[in-house]
Amino acid sequence: MSKCIKSLLSAMLFAVIIIAFSSCEHKDLCYHHPHGVKLKVVFDWKNAPEAFAKGMCIYFYPVDGGTYRRFDFPNMQGGYIELAEGTYNVICYNNDTEGVMFGGVTDYYNHSLFTREGDLFEPINERDTSNVKRAEGSEDERVVITPDMMWGCAVTQVEVAETGLTYTHETITSDMKAPQLNVENTAEDFILTFYPEDLMCHYMVKIINVVNLQKGLQMCASLSGMSGGLSLSSNELGRECVTLPFKANIADSTTIISEFYTFGHQEENLNPHKVILYVWYSKKNVKAYPYDAQVIEGDSVNEDLEERFNVTNQIHNAQNKRKVELIIDGLVLDTISFKPKPPYDTSVDDWVNVNEIITVG
């Protein structure tokens, strides 16, 4: 190889190296894009000590616009993330829900929770809801499934900078136990500590002093006039009234108990809250109480039953809106002879007595 060619190749190699170093130096000196800031996210559960989430997610919405960022943690404690400098509105909640659906997730103010439509008999896997009696006045309400439990919180105006974090607590309202975020700048970390709270309400329906309660009866129930969703940024309940189906269980020989989660009661909704108990005496014989209750002369238990299954006042006057216990006192079930359905037998409709005479010889 001639000296001229070698010199030319050396010059070309030198030029490439200079360009590469210049490119690297240019990137180091770029001030046109926000830089990533390492943050430590912590979830403090003092406002929800009974929480049992498997994991958490957190959304950061840039106040000045742009695409939101979501981070997930496979635990309840939190972890480290990296986020561009800027001011954010933030929402966090547990990410292990199965029954809750999400709407408007691209916008902080529209991020909401709701549940899918369901059937009145879905809690016991029955699908034939034709001609099913509904609570009076709730015939036009959508039937949606109950949510599972969730915890979370929402805060605004969190400023992230290379020099540290700043945040001004929102005014504490009557339904907030404490500020939902605290920021701390230490020599080791910039720390965001969130304080999630219960997002759902726990309801218990107890029907006590039940007569003719037979072991093995299949039952479910419904509650009308409830809210069908929740806005996370404002903690405001949806205004649409829906009916919630849920399973009913025999607690003892005279008591039926149901427990479920709900978004709660929207106080601006005026629809009444009524319970209906559905009882299967056979596959084709389903009674809806209070409407199908037999009123026997001289027996006052089932009189005024519709009024007792109207739990509107109990819900409106509950001292703790997050934990509501509804009591219905007194119910006489039918005295129809009941025989439990054999396991895994899907072919039997009604149970009948058969007397067969066998002649020998």
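**View 1. Ser222 and its partner across the strands.** In this predicted model, Ser222 stands opposite Pro245, a residue of strand 18. To place this pair, look for strand 15, which covers residues 218-227, and strand 18, which covers residues 241-247. These two strands run antiparallel and are joined by six bridges. If you are new to sheets, it helps to know that their strands pair through backbone hydrogen bonds, in either a parallel or an antiparallel way.

**View 2. The five-stranded sheet around strands 15 and 18.** Step back a little from Ser222, and strands 18 and 15 turn out to belong to an open sheet of five strands. Reading across this sheet, the order is 8-18-15-21-22, and the pairing is mixed. Which strands stand at the edges? They are strand 8 (142-143) and strand 22 (286-289). Each of these has a single partner strand, so one of its sides is left without a neighbour in the sheet.

**View 3. A four-stranded sheet with its own edges.** Here is another open sheet, this time made of four strands in the order 19-20-14-23. Its pairing is mixed. At the edges you will find strand 19 (249-252) and strand 23 (323-332), each of which pairs on one side only. From one strand to the next, the twist averages 25 degrees.

**View 4. Strands 19 and 20 side by side.** Now follow the edge strand 19 to strand 20, which spans residues 255-262. The two run antiparallel, and three bridges join them. A handy landmark is Asn249, whose bridge partner in strand 20 is Ile257.

**View 5. The hairpin of strands 9 and 10.** Strand 9 takes in residues 151-161, while strand 10 takes in residues 164-167. How many residues does the hairpin use to join strand 9 to strand 10? The link is made through two residues. The strands pair in the antiparallel sense over four bridges. One residue to look for is Ala161, which has Gly164 of strand 10 as its bridge partner.

**View 6. The surroundings of Ala161.** Stay with Ala161, a residue of strand 9. Is Ala161 buried or exposed? Its relative accessible area is 16%, and because buried means under 20%, Ala161 counts as buried. Beyond its neighbours within four places in sequence, Ala161 is in contact with Val37, Glu85 and Phe190. You can also look for Ala84: Ala161 and Ala84 are 77 residues apart in sequence, and their C-alpha atoms are 8.0 Å apart in space.

Definitions and conventions
Residues are numbered from 1 along each chain as its sequence is written. This is a predicted model: local features need pLDDT of at least 70, side-chain atom pairs count only at pLDDT 80 or more; totals for chains, interfaces and linings use all residues. Side-chain values use heavy atoms; hydrogens and water are left out. Two strands pair if DSSP finds at least two bridges between them. Axes are lines fitted to C-alpha atoms, for helices over the stretch in contact, and angles run from 0 to 180 degrees between N-to-C directions. Buried means under 20% relative accessible area, exposed over 50%, partly exposed in between (1.4 Å probe, protein chains only). Contact means heavy atoms within 4.5 Å.
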